[in-house]
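Student: Please take me through a close look at the pocket ranked second by size. After that, show me some of the packing elsewhere in the model.

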Amino acid sequence: MSGTLNTNSSSAIVPEILAPAGGREQFFAALNSGADAVFLGLKTFNARARAENFTAEDLRELMPIANRHGMKVLVTLNILIKNAELPALVETLATLEDVGVHAIIVQDTGLARICKTYFPNLRMHASTQLAVHNLDGVRAAMQLGFRRVVLARELTAIEIKKIRAAIPREEVELEAFCHGSLCYSYSGLCFFSGAEDARSGNRGECAYTCRKPYKILNEAGHGFLFSMKDLNTVQSLELLVDAGVDTLKIEGRKKDAQYVSGVVQAYRNRLDQIFGVKTLRPEAPENAQGQKSDAAQINDELALGFQRAGTSFFLKGRYHENVIDLDNPTHKGQFAGTVESVSGRFVVMVAACALERFDGLRIDPSSTVYHSAPQHGVESKTEIEGVRAKYNNKVCHFSLRSMYVNGNLTAEAREGERIKIELPDDVPVPSAGDQIFRTRSDALRRRVDKLIKPPVDSRLRPLSDVHLAFDVHADGNGTTLRVTAEKFGKKLVSKEVSAPALRPQNGVSRLAEDVKQTFSTLGNIGFQASGINISGDTEWFFPRSLLKELKRNLEAVLPDAFKKFLDERMRAAIEGVTANPPRKSAPPSTLQPLNSELGLKIDRLEYLAWIAEIFASESNICRHLSLTEIIFEPKRAFLPELSFAEVTKVLTDFAARHGVALRLALPTVLRAWDEPLMKRWAQEFFDAGITEVEIGNVGHFDMLKRWGLAARVTSMSSDFTLYTLNQQAALQWHENGISTITLSVEDDSANIKSLLAGYPDSAAAQAILYKDTPLFIAESCSLTALHNGCPTSKVCGYRTLEIQNDEGEIFYVAHESCKSVVYSKQPFALSHKRSFLENLGVRKFRADFLTREYNRDGLCAVVRKILNDEVIENAHTANFNRTLL
């Protein structure tokens, strides 16, 4: 798609370009390439913990430069916060509020609650880690205090446009990813990394398990089953603009300045084409104003930045493209030619692009390294070792040192010239037909090296902001000029000077001008005036020497007053955040005897008969752990032959016979095409008297309201995907009407203990004792990749894949009506930790039997182990006995 957009559309504005900045070089590359904003992380509390990142002092230096050139700075605090980290978090928030960053990007609702209560000057943006994927999620985020919502990458342009039509941008801004790496799972719903080695993606420690190779065990096949292509919407950008997004977000805080510069320029150039005018703001640095708009050069540089094969993902609709690259998990580069012949350690090729000495080259085999039964047949023609070699970067890549044109050694070769390249001794020799890619350009490096420095008119020095209010007062004794330094509308300190009551000799007063010139920067003490206002009669004469004296007097007292103000503000916030809520009852550990409750969550009705059988035979064992609840998540795939009424009757009959409550579980991800069926299920459940609900996404609050069911809910519990790793998050969910809050399956025992020590008395904590943790919850489909396009359900059969990684661990990829759920052969189990949790105050427990198909003996064995507080064999405890990073 190309051309210009009808900008008369009410939703069409020039969206800002938001670039990643993993370090200073990327920050300045973004600024000098024309980005409207950057997002960056501190050394702690951000989802790219292994990037270079920034200190508070870095921000104090960089914010004045960004402000001068009209570039916004957003700081990522987009991870889940542990309970013991709350004091340090408060200190960070206080610092960011002081520095004056333009916004913070937030995942944890406890953090959002703190910010609303104690740091209202900080603007909040909802991170994509909140998994907001519908209109209801946007509305819920607004109620939590967010001014902008970063939408899930999986949304289509039509879905985004409908959200924009329903909520004007004056009420909330919408941000959408336009470029960069894609996660296989919905962001915020990946538990693979955390389950493997405690490196949780929700804590900024992603281990990139989706980029690893896997072997399929139940059919022929191997490859990068979860390795997504890179998002690239340059040629589809009109769709995002027309949908009404306010911000185009570029992923990549771990990528270099060349990537940042190239991608920013590509999207700036495309916006200029779409709107038919220059879209760069006038305050941008001179380097940005002078950027070339040569489309061919921009496309070349885009390919040379870190880039896999590209996809527009689901922007045009679901399954319009195969979004997984089974063959390659990493940077591909720019196509440079095909090996024509090989002689010794020399390769002959025709250059498909200009080359020069020191460019980086990579040579890939002409054949693919993956195998897919639907594409290649049941007999594999490749070995998984080829996939492993790519993953471990054991490929032919090298720096170009020697090349010849017409037999002459040359430093440069033009496109179309036949060249001979000498291979280094330490790289494998390729074969004729192999493809050559340029992965690094020395010319591009030289160009970008000029962009990674501050603009020439900039001065790097750390400065804190204060507002200065001046007042001029005259009486019979002369005139007085008083200055008051303020922060967030609060007085810090005042100083004044007096002068004879004289009018300027020429009748023209320069007082206002002289004050602004003298006081705009208090560089000697590291301050700058974020604003200056003068009240009173400014037509009096004050000599500049008095203004300088007033400035010196102010500088003498401002640092201590400023520090005292911030310290008191921070101390009050820490005391408020860490104060335990009042308890109406005795501490949980003193309550005897222990009478705990067990809920079982299921998605198949046949499990009910086995559950009844177990509890009938184990009644003596169950006297301190009673089955009190069945939580049912209706899934079309598992209820093909039953009507709505038949399902609800089976459930209500069971509940009546066994004296248990029933609860409807809403699925964590509920897209527009899922909603009609789920809404019908909810209405049928409520009409059958099942009015207790479990929710797993922030959007469910408003969805229930829109369905007209919220007022009829008698009890609301959360699933573990409404994360609660700190007391402030627990308080937030309780304020939202949740009476039972489920603990995270990623959490460790130390944090659970800290969390429960100050848990709100009016909210019950629920621990999951058994679960097939959904390591990935994805809209992307490995079956679509294996079939090289969606083959329809009649062909794929929603079959489950059994797969194995290089460590020998086995996983299953289930497909539930076009959603992929990956789980381990080894379930998560804390059955033997129930007493420990009870001593911490937990009285509600849950066991989940979802997605995996259980037989009678398997399900009964698990439940009996839970009832007996025994270890479940061949299960894991995730991070419970280690530290969640």
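Tutor: We start with the pocket, then turn to cavities, rings and single residues.

Keep in mind that this model is predicted. The second largest pocket holds about 740 Å³ of space. Its lining is made up of 33 residues. Closest to the centre are Glu 633, Lys 635, Pro 667, Glu 816 and Lys 819. Find those five in the structure before you read on.

Which elements give two or more residues to this lining? They are α19 (675-687), β39 (819-824) and β41 (844-849). The helix α19 gives the most, with three residues. Now sort the lining of this pocket by class. There are 17 nonpolar residues, four polar ones and twelve charged ones.

Next come the cavities. The structure holds six of them at 30 Å³ or more. The largest cavity contains about 130 Å³ of space. A set of 16 residues lines it, and those nearest its centre are Gln 129, Leu 130, Thr 721, Leu 722 and Tyr 723. By class, the lining of the largest cavity has eight nonpolar, seven polar and one charged residues.

The second largest cavity has a volume of about 110 Å³. Its lining has 14 residues, and Arg 153, Leu 155, Ala 176, Phe 177 and Leu 315 lie nearest its centre. Here the classes divide into eleven nonpolar, two polar and one charged.

Now look at the aromatic rings. Two rings count as a pair if their centres lie within 6.5 Å. By this rule there are 30 aromatic pairs. Take Tyr 607 and Trp 610. Their ring centres are 5.5 Å apart and their planes meet at 35°. Why is this pair called tilted? Planes under 30 degrees apart would be stacked, and planes over 60 would be edge-to-face. The angle is 35°, so the pair is tilted. Both residues belong to helix α17 (residues 607-617). They are three residues apart, which is about one turn of the helix. Tyr 607 and Trp 610 are both buried.

Rings can also link up in a cluster. One cluster joins Tyr 184, Phe 192, Tyr 214, Phe 226, Phe 776 and Phe 811 through ring pairs.

A charge can sit over a ring too. The charged end of Arg 604 sits over the ring of Phe 638, 3.6 Å from its centre. The charged end of Lys 420 sits over the ring of Tyr 404, 5.9 Å from the ring centre.

Here is another lysine to find. Lys 487 is in strand β25 (residues 478-487). Is Lys 487 buried or exposed? Its relative accessible area is 5%, so Lys 487 counts as buried. What lies 3.0 Å from a polar atom of the Lys 487 side chain? The backbone oxygen of Asp 98 does.

Some contacts bring together residues that are separated in sequence. Ala 94 is in helix α3 (residues 86-99). At 11% relative accessibility, Ala 94 is buried. Ala 94 and Phe 119 are 25 residues apart in sequence, with 7.2 Å between their C-alpha atoms.

Phe 565 gives another case. Phe 565 is in helix α16 (residues 544-578). Its relative accessible area is 14%, so Phe 565 is buried. Leu 492 is 73 residues from Phe 565 in sequence, and the two are 7.0 Å apart in space, C-alpha to C-alpha.

Finally, check two backbone angles. Asn 393 is not a glycine, yet its phi is positive, about 60°. Asn 393 lies in the loop between α13 (384-391) and β18 (396-399). With 41% relative accessibility, Asn 393 is partly exposed. Ala 878 has a positive phi near 55°, again in a residue other than glycine. Ala 878 is in the segment after α26 (856-867). At 14% relative accessibility, Ala 878 is buried.

Technical notes:
Residues are numbered from 1 along each chain as its sequence is written. This is a predicted model: local features need pLDDT of at least 70, side-chain atom pairs count only at pLDDT 80 or more; totals for chains, interfaces and linings use all residues. Side-chain values use heavy atoms; hydrogens and water are left out. Rings of Phe, Tyr and Trp (its six-membered ring) pair if their centres lie within 6.5 Å; planes under 30 degrees apart count as stacked, over 60 as edge-to-face and the rest as tilted. Helices (H or I, at least four residues) and strands (E, at least two) are DSSP runs, numbered from the N terminus. Buried means under 20% relative accessible area, exposed over 50%, partly exposed in between (1.4 Å probe, protein chains only). A charge sits over a ring if NZ of Lys or CZ of Arg is within 6 Å of the ring centre and within 35 degrees of the ring normal. On a 1 Å grid over the protein atoms alone, a cavity is a set of points where a 1.4 Å probe fits but cannot get out, and a pocket is an open set with protein on both sides within 12 Å along at least five of seven lines; lining residues have an atom within 4 Å of a point. Grid points are joined across faces, edges and corners, and a volume is the space filled by probe spheres set on the points. Ala, Val, Leu, Ile, Met, Phe, Trp, Tyr, Cys and Pro count as nonpolar, Asp, Glu, Lys and Arg as charged, and the others, Gly among them, as polar. A polar contact is a pair of N or O atoms within 3.5 Å; within protein, one must be able to donate a hydrogen and the other to accept it, and residues adjacent in sequence count only if both atoms are side-chain atoms.
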